Amino acid sequence: MDVIYPLAVPKGRRLRCEVCEAPAERMCTACTVTFYCGVVHQKADWGSIHEKICQLLIPLRTSMPFYNSEEERQHGLQQLQQRQKHLIEFCYTVAQKYLFEGRHEDAVPAALHSLRFRMNVHGLSSVELVPAYLLLAEASLGLGRIVQAEEYLSQAQWTVLKSTECSNATHSLLHRNLGLLFMAKENYEEARYHLANDIYFASCAFGTEDIRTSGGYFHMANIFYSLKKFDLADSLYTKVSEIWHKYLNDHYQVLSQARIQQTDLLRKRFVNDTGLDEAQEAEAIRILTSILNIRESTSDETPQKIVFVLKILVMLHYLMMNSSKAKEYAARALQLASEQELGAYEEHSVGKLLTLIAAEENHPVI
């Protein structure tokens with residue numbers, strides 16, 4: 001049974017729901033250290049993050065064992081803190097991935113876990129809490145809960161204002177989410193102001209041509225597109241495409257060369273790799289497919305730009321080892337290049353990608 005019996009709870013201990021912090025009535029029987037107000041929140045947490053971290057929570061939420069020496073106790077505390085730091089990043093990445101996939105409801109429990117672990121490790125007023133607040137704000141925006149998003153963003157802003165050690169990367173994320181908030185409220189002037197700051201701080205942290213800066217360009221392009229300033233939007237969409245093309249092409253070339261060398265020695269193949277975590281891969285897919293859809297809506301004017309984005313998506317899915325999706329985009333690019341008579345170079349480059357995908361499927365992977 002996963003129902004909590006009040007008499008079984010130690011006197012003075014209040015059990016709270018993992019999702020909403022209301023009084024708990026149910027318990028996860030797998031770990032026995034996580035509680036919920038009802039079936040709905042238990043299922044939501046399980047589907048979002050709890051299934052992935054259930055057993056990892058047990059040592060964090062049970063009493064520490066007795067240690068024979070202070071040295072052993074300190075070692076135990078360090079291990080506990082390392083587990084919490086690992087869960088901070090893991091829950092954060094999972095929540096980010098859900099957001100980029102449009103699964104805003106699923107992102108909330110994972111983001112809440114990241115926030116609570118951050119509070120345990122860094123304290124209630126640390127700037128390390130800001131990324132989790134921003135995840136929760138973005139999830140709230142996706143669910144249409146603008147007031148709740150504003151509350152999370154206010155907490156993030158206040159935390160940043162109090163801090164003297166806030167990084168450029170954190171400033172960038174804060175302004176990006178404020179930009180998204182004002183876009184949702186259709187206040188495009190304020191949105192542009194915050195996204196310009198996002199691009200500035202991201203450029204300071206990573207450089208102007210980094211994939212982590214490209215998100216700011218992408219959202220700024222969306223504003224101009226909404227305002228029907230298509231020339232400005234087009235130039236920014238092109239910049240985002242070029243940034244991702246350079247990043248993925250560099251990885252593709254390195255892997256191709258390594259694969260040639262490895263094949264010469266062992267007749268085997270390397271596992272493909274994008275150099276991205278799951279959240280960044282989901283972000284790349286969302287951004288590039290959005291640009292592709294916009295390009296295709298004006299296909300009479302931009303066939304070459306469509307082929308360019310399709311080739312980027314081919315490389316992305318190829319490096320993610322999703323050969324079926326890579327072949328699908330490659331076939332579309334090859335067909336469009338042929339129909340629009342874009343030249344032998346375009347057809348040859350796409351055909352080369354198709355050949356490599358086919359070769360990959362016919363060789364073992366190590």
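Is Phe230 buried, partly exposed or exposed, and what is its relative accessible area? In this predicted model, Phe230 is partly exposed, with a relative accessible area of 44%, a value that falls between the 20% under which a residue counts as buried and the 50% over which it counts as exposed. The surroundings of this residue are a convenient place to enter the structure.

Phe230 forms an aromatic pair with Tyr225, in which the ring centres are 5.3 Å apart and the planes stand at 65°, an edge-to-face arrangement. Tyr225 is itself partly exposed, at 30% relative accessibility, and it belongs to helix α9, which covers residues 211–226. When neighbours within four places in sequence are set aside, the contacts of Tyr225 are Phe230, Ala233, Tyr237, Ile294 and Ser297. One of these partners, Tyr237, is 12 residues away from Tyr225 in sequence, and the C-alpha atoms of the two residues are separated by 9.9 Å. Phe218, Tyr225, Phe230 and Tyr237 together make up one aromatic cluster.

The model contains 5 aromatic pairs, and another of them is formed by Trp244 and Tyr247. Their ring centres lie 6.1 Å apart with the planes at 80°, and the pair is edge-to-face because this angle is over 60 degrees. Both residues sit in helix α10 (residues 230–266), where a spacing of 3 residues places them about one helical turn apart. Trp244 counts as buried, since its relative accessibility of 1% is under the 20% limit.

From these side chains the view can widen to the whole chain, whose secondary structure amounts to 14 helices and 2 strands. Of its 366 residues, 45% count as buried, and among contacts with a sequence separation of 6 or more, 60% join residues that are 24 or more positions apart.

Two helix pairs show how such elements are arranged against each other. Helix α1 (residues 39–53) packs on α3 with the axes 11 Å apart and at an angle of about 150°, and because angles over 145 degrees count as roughly antiparallel, that description applies to α1 and α3. The crossing of these two helices is right-handed. On the α1 side the contact is made by Gly47, Ser48, Ile49, Lys52 and Ile53, and on the α3 side by Leu87, Phe90, Cys91, Val94 and Tyr98; by class, these residues divide into 7 nonpolar, 2 polar and 1 charged.

Helix α3 spans residues 70–100 and also includes Gln84. Gln84 has a relative accessible area of 13% and is therefore buried, this value being under 20%. Beyond its neighbours within four places in sequence, Gln84 is in contact with Leu60, Phe117, Asn120 and Val121.

The second pair consists of helix α12 (residues 303–319) and helix α13 (residues 323–339), whose axes come within 8 Å and cross at roughly 160°. These two helices are therefore roughly antiparallel to each other, and their crossing is left-handed, whereas α1 passes α3 in a right-handed crossing. From α12 the contact draws on Pro303, Ile306, Val307, Leu310, Leu313, Val314, His317 and Tyr318, which meet Lys325, Ala326, Tyr329, Ala330, Arg332, Ala333, Leu336 and Ala337 of α13. Sorted by class, the residues of this contact comprise 13 nonpolar, 1 polar and 2 charged.

Methods. Residues are numbered from 1 along each chain as its sequence is written. This is a predicted model: local features need pLDDT of at least 70, side-chain atom pairs count only at pLDDT 80 or more; totals for chains, interfaces and linings use all residues. Side-chain values use heavy atoms; hydrogens and water are left out. Helices (H or I, at least four residues) and strands (E, at least two) are DSSP runs, numbered from the N terminus. Buried means under 20% relative accessible area, exposed over 50%, partly exposed in between (1.4 Å probe, protein chains only). Contact means heavy atoms within 4.5 Å. Rings of Phe, Tyr and Trp (its six-membered ring) pair if their centres lie within 6.5 Å; planes under 30 degrees apart count as stacked, over 60 as edge-to-face and the rest as tilted. Axes are lines fitted to C-alpha atoms, for helices over the stretch in contact, and angles run from 0 to 180 degrees between N-to-C directions. Angles under 35 degrees count as roughly parallel, over 145 as roughly antiparallel, 65 to 115 as roughly perpendicular and the rest as oblique. A crossing is left-handed if the near helix is turned anticlockwise from the far one by less than a right angle, and right-handed if clockwise. Ala, Val, Leu, Ile, Met, Phe, Trp, Tyr, Cys and Pro count as nonpolar, Asp, Glu, Lys and Arg as charged, and the others, Gly among them, as polar.
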